[in-house]
Amino acid sequence: MPAMAGRFLPDPPSPPGPEARTLFEAQLHSLPLVYRGKVRDTYALGSTQLLIVTTDRISAFDVVMREPIPGKGHVLNAMSNYWFQALADLGPNHLTGVDPASVVAADEGPLVAGRSVVARRLTPLPIEAVVRGYLIGSGWSDYGRAGRVCGIVLPPGLQQAQRLPEPLFTPAHKAELGAHDENITFAQVCDRIGADLAGRVRDFSHRLYARAAQMALARGIIIADTKFEFGLDADGELRLMDEVLTPDSSRFWPAEQYRVGISPPSFDKQFLRDWLQLQPWDKAPPPPALPQDIIAKTAARYREALDRLTTG
């Protein structure tokens, strides 16, 4: 295994084989459905565990596209598992190590293989823990209007895509499916979940981002920003959950093409967003149909992110 900063990284995940099929929506008959999100379908395993199936759905502007992205679910699942393992010493997560194929009917094993995890059932916190290392996206827009990002005052004269003096913790309130998340201040987080827990979430998030950013940069990837989700287990322990440092939850830039002052190309779904911005669409359902070349290029960007980060 390759060494990084005096420690070993996990073995890179194997790519999905040719037998892997595109999955828009899981329809398991052996377990009860708990929740169908934008990308993941979650099933109950008794009262203490969940089977989380990562489909090939993709969303943009909080709308799920009608066409799946081939291989996307396998990429997201593999990348999350890679990071969960690489960051496990920084704090606990939701994984159990149980083989997903062992908890479903035999005919459903191929469907869940490579795209699913068995996770602890947690009480999710009602916030998304966003960490920004660079001035881009809505942060850049906020800075241009008011010289601050999510209420945090920044020095004058910063440029688009510039690395921030220190990574910023800019939480958001998780909205219902189909609605937009709302940026909130740290003080509002304290009001909602308590100051002690809010501080633990902020500190945990900063540790995760610092480690991941260092690891990714050594592989030629800049993590401009990312979001983490956390939950509490039955003993009140804070655990990292859902997904971690994937192209769906993060902004990945190729380091060799990074320039201050411009929005760099990315290995996430920004490519899809840029195409959608050019379409005559009001960002409400139904979305426009995705051409095959946009689907293929989006799939290729997800795969390249996984390959770069996990194989070097």
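Start by selecting Asp 142, which is buried, with a relative accessible area of 18%; it counts as buried because the cut-off is under 20%. The structure on screen is a predicted model. Asp 142 sits in helix H3, so select residues 137-146 to show that helix around it.

Next, keep Asp 142 selected and add its contacts. Leaving out residues up to four places away in sequence, Asp 142 touches Gly 147, Arg 148, Val 149 and Cys 150.

**The whole chain**

Now zoom out and colour by secondary structure. The protein chain holds seven helices and 18 strands. Its radius of gyration is 19 Å, close to the 20 Å that the globule rule gives for 312 residues, so the chain is as compact as a globular protein of that length. Turn the C-alpha trace along its principal axes and the span is about 60 × 50 × 45 Å.

Switch to a view by burial. Of the 312 residues of the chain, 50% count as buried. With a surface drawn, the accessible area of the protein chain comes to about 14000 Å². Carbon and sulfur atoms make up 53% of that surface.

Contacts can be shown in the same view. Among those in the protein chain with a separation of 6 or more, 65% are between residues 24 or more positions apart.

For the charges, select the 33 positive and 35 negative ones. The mean positions of these two sets are 3 Å apart.

**The aromatic rings**

Select the aromatic side chains next. How many aromatic pairs does the structure hold? There are nine.

One of them is Tyr 134 with Tyr 258, an edge-to-face pair at 5.7 Å centre to centre, with 80° between the planes. Follow the backbone from each ring to see that the pair links distant parts of the chain, 124 residues apart. Tyr 134 lies in strand E10 (residues 127-134). Tyr 258 lies in the loop between strand E18 (250-254) and helix H6 (270-277). Are these two tyrosines, Tyr 134 and Tyr 258, buried or exposed? Both Tyr 134 and Tyr 258 are buried.

For another pair, move to Phe 228 and Phe 230. Their ring centres are 6.5 Å apart and their planes are at 55°, so the pair is tilted. Phe 228 is buried, as is Phe 230.

As a last stop, return to Tyr 134 and Tyr 258 and add Trp 253 to the selection. Ring pairs link Tyr 134, Trp 253 and Tyr 258 into a cluster.

Technical notes. Residues numbered from 1 in each chain as written. Predicted model: local features only at pLDDT ≥ 70, side-chain atom pairs only at ≥ 80, totals over all residues. Heavy atoms only, no water. Helix = DSSP H or I, 4+ residues; strand = E, 2+ residues; numbered from the N terminus. Rg over C-alpha atoms; globule rule 2.2 N^0.38 Å. Buried < 20%, exposed > 50% of the residue type's maximum accessible area, 1.4 Å probe, protein only. Contact = heavy atoms within 4.5 Å. Areas by Shrake-Rupley, 256 points an atom, 1.4 Å probe, with all protein chains shown as cover. Lys, Arg positive; Asp, Glu negative; His and termini not counted. Charge placed at Lys NZ, Arg CZ, Asp CG, Glu CD. Phe/Tyr/Trp six-rings, centres within 6.5 Å; stacked < 30°, edge-to-face > 60°.
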